[in-house]
Amino acid sequence: MGTKRSATIARRTAENQGLTDEMKAAQFHMRSLIDSNVDALATTDPLGVITDVNPQMCALTGRRREELIGSAFKDYFTDPIRAEDGIRQVLTDGRVTNYELTMSAKDGGKTIVSYNATTLRDAEGRLRGVFAAARDITDQKQLEESLRQVQTYTRGLIEASVDGLVTVDPELLVSDVNEQMSRMTGYARDELIGSPFTDYFTDPEAAAAGVRQTLEQGYVTNYVLVLRSRIGNERAVSFNASVFKDTAGDVRGIFASARDITEQQRLEEELREQQTYTRGLIESSVDAMITVNPDLTITDVNEQMVKLTEVVKASLIGSRFQDFFTEPRRAADGVRQTLRQGFVTNYELTLRTPSGREVLVSFNASVYKDAAGAVRGIYAIARDVTEQRRLEEQLREQQNYSRALIEASVDALVTVSPTGLITDVNEQMVRLTGHGRQQLVGRPFAELFTEPDRATDGVKLTFADGIVKNYELVVRAKSGVETRVSFNAAVFRDTAGNVDGIFAAARDITDQKGLEDEIREQQTYNRGLIDSNIDALMTTDALGIITDVNPQMCAMTGCTRDELIGSAFKGYFTDPRRAEDGVRRVITEGRVINYELTLRAKDGKETTVSYNATTFTGSDGRLRGVFAAARDITDQKRLEEDLRQAQNYNRGLIESSVDAMLTVDPELTVTDVNEQMVRLAGYARDQLIGSSFQDYFTEPDRAIAGVRQTLAEGFVTNYELTLRSRHRRQILVSFNASVYKDTEGRVRGIYAIARDVTEQRRLEEQLREQQHYNRGLIESSVDALVTVDPDVTITDVNEQMVRLTGYTREELVGSPFRDYFTEPSRAAAGVRQTLAEGSVTNYELVLRARSGKRTVVSFSAGTFKDTEGRVAGILAAARDITNQKRLAEDLRDQQTYNRGLIESSVDALMTVAPDGVITDVNEQTVRLSGNSRRRLIGQPLRGLLHRPRACRRRGQTNV
């Protein structure tokens with residue numbers, strides 16, 4: 001009896017010790033969760049005093065865990081009051097999200113962090129404090145700043161153009177314009193954007209055809225349209241346009257550069273050389289990429305190749321390709337085979353780095369040619385297949401590892417097929433039942449229990465729900481001993497995601513109730529840690545079966561917690577194999593960082609996430625599973641994509657310009673050029689970039705002065721330099737340049753647009769000759785000549801006008817025409833009448849000279865027009881008619897004198913023409929005849945006299 005009692009006590013002591021170990025394992029698990037988190041974590045009491053931190057918090061503050069615990073949370077921030085307010089807000093609202101603070105480290109370093117915090121309560125719901133997770137958002141801030149910098153650079157490029165620039169989407173709607181385009185059309189930028197592109201041309205169908213041609217062919221050059229401005233002005237413009245694409249290669253619209261060619265249509269030349277070697281090709285590859293010329297010399301590499309070879313780029317370029325491989329002859333043969341056949345695929349070579357590391361790489365290569373079709377070398381993409389070979393080996397090891405995991409379990413483990421038959425067991429199950437492994441495998445699972453029906457129901461429930469927990473059954477051993485066990489079971493799936501069976505772990509649960517309350521409280525604490533995290537969190541076992549999740553994981557997948565737990569981790573991703581490989585990698589290496597996967601939710605929504613995961617172990621140091629945090633990096637990816645889009649957009653802007661364009665930094669180094677500049681200078685883009693700006697001009701000092709003037713004043717216009725091309729040809733170019741700045745307003749360099757003005761200067765010389773001829777015509781006139789614009793302002797005079805007014809030509813030109821006359825309003829009216837009717841003749845005005853002398857002049861004027869047929873002003877000839885007016889005045893005086901003589905006579909007087917018609921009478925005649933003067937004049941004299949014949953006979957004409 002005593003022996004039996006001693007055995008019972010010993011058994012209970014062992015069981016209690018097992019429960020104690022289990023509680024320690026839970027605490028160790030909780031510590032692993034905290035320490036493995038990629039964010040800085042801290043818990044505080046309700047007064048804001050730190051009670052716990054993880055290593056990431058120590059690293060961020062530069063302080064040991066012992067220094068942090070017990071200190072005030074607010075003391076580690078540049079704004080302690082705001083930090084303290086954040087704690088109060090959590091205690092009041094139960095949660096804060098994205099609460100930004102600046103953390104101050106012990107060494108003075110500053111880190112901007114985004115806090116997400118929740119209150120922390122015990123199993124009975126009592127407030128224990130605050131749990132806070134701090135995320136370093138430095139990279140995101142830098143991406144946002146980079147995007148703003150590129151956008152600022154883009155706007156500078158657009159506005160620096162001397163031509164009108166416009167972007168048009170595939171629906172033919174204007175999506176952007178520069179200020180020059182607004183001036184050309186007369187519409188504000190806001191009016192233009194969103195309006196149909198075709199509305200601004202006299203031939204809308206031709207404008208639409210031009211956009212479609214660009215979208216279909218990729219570009220158009222010298223596409224001539226007639227643009228009609230807001231006020232009805234029409235001008236011929238030549239469009240050079242090209243498509244621009246997003247980073248996925250999809251056409252988003254066209255860039256178009258509009259040049260006014262009204263006066264210079266015949267001066268412009270078409271530039272049709274296609275750029276055949278794309279600089280971005282090498283850097284866009286996610287694999288190592290290299291270009292090799294026919295002499296087997298490396299001509300270019302990308303950053304991936306630098307990392308793969310462990311050799312800096314400068315040392316790689318110019319070296320022999322075959323020198324980096326364990327089999328140089330085979331490497332050389334691969335290049336020659338590519339040159340001969342045009343391509344090779346999956347050509348394997350072993351690369352040896354300077355450190356002696358050997359990497360198995362698979363090459364895919366093809367030739368590239370110049371514009372004339374001559375082979376210039378090969379492109380080769382090298383993929384490191386070492387990891388692939390290692391994974392194949394690892395898979396074999398994993399299969400052995402899985403067996404070891406099963407046998408290492410202290411619980412009885414069993415796998416059951418969908419038909420209810422046992423498919424595998426571990427040694428613990430053999431010992432628990434007393435049956436050998438051969439006797440158990442293939443046997444119905446339900447036969448091992450005192451309640452077969454309940455055992456069958458448990459299997460069915462697992463297949464239906466995917467998981468069961470703490471399903472109690474009583475095992476009857478071969479010897480008849482009965483043991484109460486708690487089964488935890490979950491389905492497992494094949495690589496295609498199909499359910500292949502269930503995995504069940506049976507645990508002896510005798511005498512464990514005493515410690516359950518303590519364990520539940522610990523689990524509540526763990527749950528608070530998991531659920532308060534803003535990232536999706538989960539734990540999996542070593543086989544990749546999900547064992548725990550937080551609400552964020554449920555929200556991201558659209559599945560409930562019960563649906564997730566017990567299911568295969570890989571089943572929630574678009575690439576299950578990669579997800580499964582991620583779990584294996586964590587188990588093998590102990591950690592993965594920034595492992596990208598695409599999660600597919602229940603409703604089909606896909607989210608790109610970055611996984612950071614670590615293994616966690618029990619208190620005995622044995623592997624228990626994997627803890628994984630999934631961060632939604634959609635916004636970060638969008639920012640990266642926007643940055644790439646903006647960079648593509650910039651390149652399109654630069655290359656769409658019909659003028660040579662380049663950027664120069666404050667040290668006078670060329671930082672970028674377009675293809676037009678390459679053609680103009682005769683040097684390749686790689687030769688120009690990084691070289692000194694002044695080296696390409698006949699007057700280097702003047703070129704330097706131009707850059708410095710731009711940096712000092714912000715811009716220069718029409719700054720002429722003579723460019724010396726590679727072929728020694730000298731080209732007169734006119735620069736328009738302006739500074740460009742970063743988002744903080746700091747000058748980063750200048751944009752410069754160079755226009756070939758050789759032909760323009762020839763036209764200007766012709767214009768000067770024409771003007772000289774016109775001046776000779778004007779000065780040869782004996783009359784004073786003056787031209788006046790529609791605003792009644794003098795625009796030109798001849799020397800005769802200078803002498804007449806007494807003012808110099810410089811004083812007259814630009815002054816109001818009306819100011820030189822005694823009746824200014826009448827002078828202005830004469831100009832307006834000429835503009836309205838096209839001409840006036842003998843328009844009299846009195847001109848007042850500087851000396852005060854007055855001269856009566858007779859103006860004859862007509863309008864003249866500009867090259868577009870619009871009235872530009874009037875040309876007026878002023879003739880001095882002072883003497884003529886004096887003679888007229890003398891005549892009027894004489895006539896007045898004569899009238900006085902006639903009227904002063906007491907006799908009736910009249911004058912009669914030779915034909916007998918009365919031409920004049922005095923008042924005496926009017927009274928004598930009784931007729932008015934008007935009635936008498938023009939009447940025959942004989943009608944008034946009694947003896948007309950006698951009068952005529954005597955020849956009297958005055959009576």
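Over which residues does pLDDT stay under 50, with 40 contacts beyond four places in sequence in the model? The stretch is residues 265-282.

## Reading the model with care

Welcome! What you see here is a predicted model, so confidence is a good place to begin, because where pLDDT is low, the predicted coordinates should not be read in detail. Residues 265-282 call for that caution, with pLDDT under 50 throughout. Another such stretch is residues 947-959, where pLDDT also stays under 50 and the model has 13 contacts beyond four places in sequence.

For the protein chain as a whole, mean pLDDT is 84, and 86% of the residues reach 70 or more.

## The chain at a glance

The protein chain has 959 residues, and 42% of them are buried. Along the chain you will find 32 helices and 37 strands.

Taking contacts between residues at least 6 apart in sequence, 43% link residues at least 24 apart. About 50200 Å² of the protein chain is exposed, with carbon and sulfur atoms supplying 48% of that area.

## A closer look at β30

Strand β30 covers residues 747-756 and pairs with β26, residues 660-664, in the antiparallel sense through five bridges. In this pairing, methionine 661 sits opposite isoleucine 753 of β30.

β30 also pairs with β29, residues 730-741, again antiparallel, and here there are nine bridges. Serine 738 faces tyrosine 751 of β30 across this pairing. How many residues lie between β29 and β30 in their hairpin? There are five, and glycine 745 in the turn has a positive phi of about 85 degrees.

Definitions and conventions:
Residues numbered from 1 in each chain as written. Predicted model: local features only at pLDDT ≥ 70, side-chain atom pairs only at ≥ 80, totals over all residues. Heavy atoms only, no water. Helix = DSSP H or I, 4+ residues; strand = E, 2+ residues; numbered from the N terminus. Buried < 20%, exposed > 50% of the residue type's maximum accessible area, 1.4 Å probe, protein only. Contact = heavy atoms within 4.5 Å. Areas by Shrake-Rupley, 256 points an atom, 1.4 Å probe, with all protein chains shown as cover. Pairing = 2+ DSSP bridges. pLDDT = per-residue confidence, 0-100.
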